[in-house]
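Visitor: I am new to this structure. Please take me closely through one part, the largest nonpolar core.

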Amino acid sequence: MLQQYVMLALALVLFGIEVWALVDAARRPAAAFVAAGKRTKNFWLVLTGVAAAVGFVGIGGSVGFLQFIAVVPAGVYLADVRPAVSGYGRGQRRPPRGGGW
C-alpha cells in the first residue's frame, strides 16, 4: 500500500516537471531559441509535449519505466535550454556558461 502512494507521488512529481517544461517552452518566443543557438521552439514543444503525455498516462501506473525516460527531455530543457532562452528580449545577452579557462 505504501509503495503505491510513493509511486503515485513520484509520478505526480515527474508529470509536474514535464508540464512545467512544456508550459515554459510554449511561453518563450521562437526567436529566443534561434538567438540562443538551440533547437527550434517546435522541436522542444514536441519533445516536452510527448513527455507530458507519457507522464499523464503513467500516473495510473500503467507505463512504469517509460515514465522515467520521458522526464529526460523535460530535464534537459529546464537545465540547458531554459537558462539560455530566458535572457532573450531583455536587452542583454548572457555570456555562454562553461566557457572555462
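Guide:
**The largest nonpolar core**

The protein has four helices and zero strands; helices (H or I, at least four residues) and strands (E, at least two) are DSSP runs, numbered from the N terminus. From that end, the order is α-α-α-α.

This is a predicted model, in which local features need pLDDT of at least 70, side-chain atom pairs count only at pLDDT 80 or more, and totals for chains, interfaces and linings use all residues. Residues are numbered from 1 along each chain as its sequence is written, and side-chain values use heavy atoms, with hydrogens and water left out.

Of the 101 residues, 27% count as buried (under 20% relative accessible area, 1.4 Å probe, protein chains only).

Now the core itself. A nonpolar core is a set of buried Ala, Val, Leu, Ile, Met, Phe, Trp, Tyr and Cys residues joined through side-chain atoms within 4.5 Å. The largest one has ten residues. They are Ala 21, Ala 25, Ala 32, Phe 33, Trp 44, Ala 74, Tyr 77, Leu 78, Val 81 and Val 85. Three helices each supply at least two of them: α1 (2–27), α2 (30–35) and α4 (65–85). α4 gives the most, with five residues.

Look at Val 85, a member of this core. Leaving aside residues up to four places away in sequence, Val 85 touches Arg 28, Ala 32, Phe 33, Ala 36 and Tyr 77. A contact means heavy atoms within 4.5 Å. Across the protein, 70% of contacts between residues at least 6 apart in sequence join residues at least 24 apart.

Technical notes:
Buried < 20%, exposed > 50% of the residue type's maximum accessible area, 1.4 Å probe, protein only.
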